[in-house]
Amino acid sequence: MVVRLEETYPYLLRDEFRGAKFYQLSFGNITTEDLVSQAMSYLTHWEPDFIIVQSGLADCKPEAFTEAQKAIINRLPGRFLGQMKKYVYHPSLIKRRQIFRVSEQSFRKTLKKFKIVFSKSRIFWLEICAAPSYENERPGILRRVADYNKIIEDVYGDSMVKLQEKVLQVDGLNADNVHWRANGHRLAADMLIDRIGPKYDMHGIRGRANG
Amino acid sequence: MEDRIKNVMAAVFGVSPGEISDDSSPHEIAAWDSIKHLNLVLALEEEFDIRFEEAEIPSLVNFKIIAATIKAYAE
């Protein structure tokens, strides 16, 4: 199911807080350390009022091979590559090998570092979400997601935006088990608006075209 | 801790510690090139007995980020 740009939560937030300046940094399938490194080098001197982070799935996702091994596999000649590719994401191999891009210790450190760098900003970190059926593709993912969400909660406390249960209740995840449908984005936007709007005196900054 | 970082940076870049501020970055310090950046990483690792992760080394581009990274290791 295609989600239009206007239906994504960053867009919905821009629509809600039209007087605010937004800076959006989006990358697919990168680790939190990579994302945070990019954000820090661009934004350290800006000190925004609010920072919303959605990251962590790439850190905790179980793999059958390391990134370096995958890079080697991708360079295999065509006939071998075709044979190998079906093993790279094979659930039974993932279940047996359980390789992770980022350790829990490293993830925790990255979260702390980000908090220290942006100590003057209010950071909202979105809970990592994955559908239960993702476990069939990536055995071990649900336990890892729970463990990494616990780390986010440890470091960010009530600034973690707990979405997982609610997203599942509204069937807000796509068939790929990780990306959000329009109603998942709407839910995230509403939860963020509830937390940012009234509490932080955004009067004059809020305002949708339809009132 | 911040003074120790400033001392290391000053020694690596050949400036006085007083010249290192929160905004110090390769844009402000002419001597901060790629080789000096690696020297800085090694010197900080030795000073604080830590080992930076490969992915975070390129991001250590100003004093504020360096200080936050080292604090995160210490916590």
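**Reading an interface and a pocket**

Mentor: Between chain B and chain A there are five residue pairs in polar contact, counting pairs in which both residues are at pLDDT 80 or more; please keep in mind throughout that this is a predicted model.

Trainee: What classes of residue make up the side of chain B that touches chain A?

Mentor: That side of chain B has seven charged and three polar residues, together with six nonpolar ones.

Trainee: How many residues does the contact take from each chain, and how much area do the two chains bury between them?

Mentor: Chain B gives 16 residues to the contact and chain A gives 14, and about 1,400 Å² is buried between the two chains, with 60% of that area on carbon and sulfur atoms.

Trainee: How many salt bridges are counted between chain B and chain A, and which residue pairs with A:Lys113?

Mentor: The count is four salt bridges. A pair qualifies when a side-chain nitrogen of Lys or Arg lies within 4 Å of a carboxyl oxygen of Asp or Glu, and A:Lys113 meets this with B:Glu56, whose closest O atom is 2.8 Å from the N atom of the lysine.

Trainee: Turning to the largest pocket, what is its volume, and which residues lie nearest its centre?

Mentor: Its volume is about 1,600 Å³, and of the 50 residues that line it, A:Tyr9, A:Leu25, A:Ser26, A:Ile52 and A:Gln54 lie nearest the centre. By class, the lining divides into 33 nonpolar, 11 polar and six charged residues.

Trainee: Which element supplies the largest share of that lining?

Mentor: The largest share, five residues, comes from α1(A), while the elements of chain A that each supply at least two residues include α2 (32-43), β1 (50-53) and α11 (182-196).

Trainee: Where in chain A should I look for A:Asn29 and A:Asp171, and what is the sign of phi at each?

Mentor: A:Asn29 sits in the loop between α1 and α2 of chain A, and its phi is positive, about 55 degrees, although it is not a glycine. A:Asp171 belongs to the loop between α10 (164-169) and α11 of chain A, and its phi, near 55 degrees, is likewise a positive value in a residue other than glycine.

Key. Residues numbered from 1 in each chain as written. Chains lettered and ligands numbered in written order. Predicted model: local features only at pLDDT ≥ 70, side-chain atom pairs only at ≥ 80, totals over all residues. Heavy atoms only, no water. Contact = heavy atoms within 4.5 Å. Buried area = accessible area lost by both parts, 1.4 Å probe. Polar contact = N/O pair within 3.5 Å; in protein donor to acceptor, adjacent residues only side chain to side chain. Nonpolar A, V, L, I, M, F, W, Y, C, P; charged D, E, K, R; others polar. 1 Å grid on protein atoms, 1.4 Å probe; cavity = no way out; pocket = protein on both sides within 12 Å on 5 of 7 lines; lining within 4 Å. Points joined across faces, edges and corners; volume = space filled by probe spheres on them. Helix = DSSP H or I, 4+ residues; strand = E, 2+ residues; numbered from the N terminus.
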